[in-house]
Amino acid sequence: MSDHLSTTLSALADPTRRGILARLSRGEATVSELAEPYDMSMAAVSKHLKVLEKAGLISRGKEAQWRPCKLEAAPMREVADWVENYRRFWEESLDRLGDYLAELQKGDSGGSRN
């Protein structure tokens, strides 16, 4: 059984899908509009959209012939929360390094250098 975070990260791993999401962050778009900047078939773009839809990152409207795609950013919150733990780790590590360097500089306040 796949978890939501893994599905979301897998969908975000592809640069084309990230580009599609970036475009959708500016508003709804049709499949044709989303395919425009890419040198690939409509079928290939549709496969990318299916991956994004399965991950819950986009939804598709059903307005007659026009099926606009829309960004659904909620799954990215879980990714942001997961990454946040590591951001805190690195900030705390850098703070400790800064403290250590400050202590070294205090110890070398006599101006001696090797």
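This is a dialogue about reading two helices, a surface patch and some salt bridges in a predicted model.

Student: I am new to this structure. Where does helix 4 lie, and how many residues does it have?

Tutor: Welcome! Please keep in mind that the model is predicted. Helix 4 covers residues 42–54, which makes 13 residues. A good start is to compare its length with the span expected at 1.5 Å a residue. From first C-alpha to last, helix 4 reaches 18 Å, close to the expected 18 Å.

Student: Which residues of helix 4 are buried?

Tutor: Here a residue is called buried when its relative accessible area is under 20%. In helix 4 that holds for Val-45, His-48, Leu-49 and Leu-52. These buried residues lie on the same side of helix 4, because they cover an arc of only 100° around the axis.

Student: Why do residues three or four places apart point the same way?

Tutor: An α-helix has 3.6 residues a turn, so residues with that spacing point the same way.

Student: What covers the buried residues of helix 4, and what does the face turned away from them carry?

Tutor: The cover includes helix 1 (4–12), helix 2 (15–24) and helix 3 (31–35), along with strand 1 (58–60) and strand 2 (69–71). On the face turned away from the buried side you will find the exposed residues Lys-47, Lys-50 and Lys-54.

Student: What follows helix 4?

Tutor: Look for Gly-56, which comes after helix 4 and has a positive phi, near 80°.

Student: Let's go on to helix 5. What should its 34 residues span?

Tutor: The same reasoning works again. At 1.5 Å a residue, helix 5 should span 50 Å, and its end C-alpha atoms are indeed 50 Å apart. It runs over residues 74–107.

Student: Which residues of helix 5 are buried, and what covers them?

Tutor: The buried residues are Pro-75, Val-79 and Ser-93. Helix 1 is among the elements that cover the buried residues of helix 5.

Student: Which residues form the nonpolar patch on the surface?

Tutor: Find Leu-9, Trp-82, Val-83, Tyr-86, Phe-89 and Trp-90; together they have about 620 Å² of accessible area. Helix 5 gives the most to this patch, with 5 residues. Take Tyr-86, which sits in helix 5: its relative accessible area is 44%, so Tyr-86 counts as partly exposed.

Student: Now for charges. How many salt bridges are there?

Tutor: To find one, look for a side-chain nitrogen of Lys or Arg within 4 Å of a carboxyl oxygen of Asp or Glu. By this rule the count comes to 6 salt bridges. One of them joins Asp-81 and Arg-77, at 3.7 Å from N to O. These partners are 4 residues apart in helix 5, so about one helical turn separates them. Asp-81 is partly exposed at 40% relative accessible area, while Arg-77 is exposed at 53%.

Student: How far apart are the closest N and O atoms of Glu-91 and Arg-87?

Tutor: They are 2.4 Å apart, in another salt bridge. Both residues belong to helix 5, with 4 residues, about one turn, between their positions. Glu-91 is partly exposed at 39%, and Arg-87 is partly exposed at 37%.

Student: Which residue does Lys-106 meet in a salt bridge?

Tutor: Its partner is Glu-103, at 3.5 Å from N to O. The two are 3 residues apart in helix 5, about one turn of the helix, and Lys-106 is exposed, with a relative accessible area of 56%. Elsewhere, salt bridges that share partners link Glu-84, Arg-87, Arg-88 and Glu-91 into one network.

How values were computed
Residues numbered from 1 in each chain as written. Predicted model: local features only at pLDDT ≥ 70, side-chain atom pairs only at ≥ 80, totals over all residues. Heavy atoms only, no water. Expected span 1.5 Å × (residues − 1). Buried < 20%, exposed > 50% of the residue type's maximum accessible area, 1.4 Å probe, protein only. Arc of directions from axis to C-beta. Contact = heavy atoms within 4.5 Å. Patch = residues over 30% accessible without salt bridge, like charges linked within 9 Å, V, L, I, M, F, W, Y side chains within 5 Å. Areas by Shrake-Rupley, 256 points an atom, 1.4 Å probe, with all protein chains shown as cover.
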